[in-house]
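User: Please take one part of this model, the two strands and the turn of chain that joins them, and look at it closely. I would also like to see how that part sits within the whole.

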Amino acid sequence: MGKKEERRFAFEGKEYFIKPANAASSIEAQKVYNRAFKRAIEEGAILKKSLEDHMRRQGLWDDGKQE
């Protein structure tokens, strides 16, 4: 298996690079995701199941539409 290499590119005047994932970057990415998810919930974001329940109570969703 070949060595994973960093890829660099420019887009709309900015330079970007893609680094191969490793254990440390995966752990850090999960932490960022968890913080963003927690903040979204605290700010009132509705989870998929809660959204479905809410839409059913409002008459906007039913079993026929679910199928």
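Analyst: The radius of gyration is taken here over C-alpha atoms, and the rule for a globule is 2.2 Å times the number of residues to the power 0.38. The model is a predicted one, in which local features need pLDDT of at least 70 and side-chain atom pairs count only at pLDDT 80 or more, while totals for chains, interfaces and linings use all residues. Residues are numbered from 1 along each chain as its sequence is written, and side-chain values use heavy atoms, with hydrogens and water left out.

The whole chain comes before the part. A compact globule of 67 residues would have a radius of gyration near 11 Å, whereas this protein has 20 Å, and its C-alpha atoms fill a box of roughly 55 × 35 × 25 Å along the principal axes. The protein has 3 helices and 2 strands, which follow one another along the sequence as β-β-α-α-α; helices (H or I, at least four residues) and strands (E, at least two) are DSSP runs numbered from the N terminus. With buried meaning under 20% relative accessible area, exposed over 50% and partly exposed in between (1.4 Å probe, protein chains only), 0% of the 67 residues count as buried.

Turning to the strands, a nonpolar surface patch of about 380 Å² is made by Phe9, Phe11, Tyr16 and Ile18. Such patches are built from residues with over 30% relative accessible area and no salt bridge, like charges being joined within 9 Å and nonpolar side chains (Val, Leu, Ile, Met, Phe, Trp, Tyr) within 5 Å; accessible areas come from the Shrake-Rupley method with a 1.4 Å probe, and for residues only the protein chains shown count as cover. Strand 1 (7-11) and strand 2 (14-18) each supply at least two residues of this patch. Phenylalanine 11, which belongs to strand 1, counts as partly exposed because its relative accessibility is 48%.

Glutamate 12 lies in the loop between strand 1 and strand 2, and it counts as exposed because its relative accessibility is 70%. Its phi is positive, at about 50°, although it is not a glycine. Most residues other than glycine have a negative phi.

The strand region also holds a salt bridge, defined as a side-chain nitrogen of Lys or Arg within 4 Å of a carboxyl oxygen of Asp or Glu. Here the side chains of glutamate 6 and arginine 8 meet at 2.9 Å, N to O; glutamate 6 is partly exposed because its relative accessibility is 38%, whereas arginine 8 is exposed because its relative accessible area is 62%.

How does this part relate to the helices? Alanine 29, in helix 1 (residues 23-42), is 20 residues from phenylalanine 9 in sequence and 21 Å from it in space, C-alpha to C-alpha. Alanine 29 is partly exposed because its relative accessible area is 46%. The count of salt bridges comes to 5. Beyond the strands, arginine 35 meets glutamate 28 at 3.8 Å, N to O, and arginine 56 meets aspartate 63 with the closest N and O atoms 3.0 Å apart. Arginine 56 is partly exposed because its relative accessibility is 29%, and Glu52, Arg56 and Asp63 are linked in a network of salt bridges.
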